[in-house]
Amino acid sequence: PILGIDEHGLVTEWNRKAAEISGWSKTETMGKPLVKTFITENYRNEVWYVLQLALDGQESANYEFPLFTKSGMRRDILLNATSRRGADGTIVGVIGVGQDITELRALMRESQLVADDL
């Protein structure tokens, strides 16, 4: 998925894959506070910290966080957060490019269970 926020943390981009994974349409997400609306309370501070780093110019790679779908299912996302700059070079937001690693995590847990049984 690709998602974006402005300097206030409001959603400015939500691509088709983000909508597919989350169940939230682009229309439903635009202008909403990303962290407060789409991240569970337990992870809000941590996710906001990573986004704030990107807003300060410090990009993050391979950050894992849970995104809860509209139906309440947990999806594990591996995200790269990159500063988004305006025409004058100032940071105007963050673009996040991620991968849904939910199935990978499930396979890893299953493999570990099998290995533990050996």
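**Talking through the sheet, helix 4 and the core**

This is a predicted model; the protein's mean pLDDT is 92, with 99% of its residues at 70 or more.

Colleague: Which element has the lowest confidence in the protein?

Modeller: Confidence peaks in strand 2, at a mean of 98. At the other end, the mean drops to 77. Where pLDDT is low, the predicted coordinates should not be read in detail. The element with that lowest mean is helix 5.

Colleague: OK, on to the sheet. Which strands stand at the edges?

Modeller: There are five strands in an open sheet, paired antiparallel and ordered 2-1-5-4-3. Each edge strand has a single partner strand, so one of its sides has no neighbour in the sheet. From one strand to the next, the twist averages 30°. The strands at the edges are strand 2 and strand 3 (60-68).

Colleague: What does Ile5 stand opposite in strand 2?

Modeller: Ile5 has a partner in strand 5 too, where its bridge goes to Val94. Strand 1 (residues 2-6) is antiparallel to strand 5 (residues 91-100), with five bridges between them. Strand 1 also pairs antiparallel with strand 2 (residues 11-14), over three bridges. In strand 2, Ile5 stands opposite Val11.

Colleague: And in the hairpin of strand 1 and strand 2, which residue takes a positive phi?

Modeller: That hairpin has four residues between its strands. The phi in question is near 90°, and the residue that takes it is Gly9.

Colleague: How many residues of strand 1 are buried?

Modeller: Strand 1 pairs with strand 5 through five bridges and with strand 2 through three. Strand 1 is mostly covered, and of its five residues the buried ones number four.

Colleague: Now helix 4 (residues 41-55). At what angle does helix 4 run to strand 3?

Modeller: Helix 4 lies across strand 1, strand 3, strand 4 (74-85) and strand 5. Its buried residues, among them Val47 and Leu51, pack against those strands and also against helix 3. The angle between helix 4 and strand 3 is about 145°.

Colleague: How far apart are the end C-alpha atoms of helix 4?

Modeller: Helix 4 has 15 residues, and at 1.5 Å a residue they should span 21 Å. The model agrees with that expectation, because the end C-alpha atoms are apart by 21 Å.

Colleague: Which element gives the most to the largest nonpolar core?

Modeller: That core holds 22 residues, and Leu34, Val47, Leu51, Phe65 and Val94 touch the most other members. At least two residues each come from strand 1, strand 2, helix 1 (16-22), helix 3 (34-38), helix 4, strand 3 and strand 4. With five residues, the top contributor is helix 4.

Colleague: Leaving aside neighbours within four places in sequence, which residue of helix 4 is Leu34 in contact with?

Modeller: Among the contacts of Leu34 are Leu3, Ile5, Val11 and Trp14. Helix 4 covers residues 41-55, and the contact of Leu34 that falls there is Leu51.

Colleague: Last one: is Asp76 buried or exposed?

Modeller: Asp76 sits in strand 4. Sequence neighbours up to four places away aside, Asp76 touches residues including Phe65, Pro66, Gln99 and Arg105. Its relative accessible area is 12%, and the cut-off for buried is under 20%, so Asp76 counts as buried.

Methods: Residues numbered from 1 in each chain as written. Predicted model: local features only at pLDDT ≥ 70, side-chain atom pairs only at ≥ 80, totals over all residues. Heavy atoms only, no water. Buried < 20%, exposed > 50% of the residue type's maximum accessible area, 1.4 Å probe, protein only. Pairing = 2+ DSSP bridges. Axes fitted to C-alpha atoms, helices over the stretch in contact; angles between N-to-C directions. Contact = heavy atoms within 4.5 Å. Core = buried A, V, L, I, M, F, W, Y, C linked by side-chain atoms within 4.5 Å. pLDDT = per-residue confidence, 0-100. Expected span 1.5 Å × (residues − 1).
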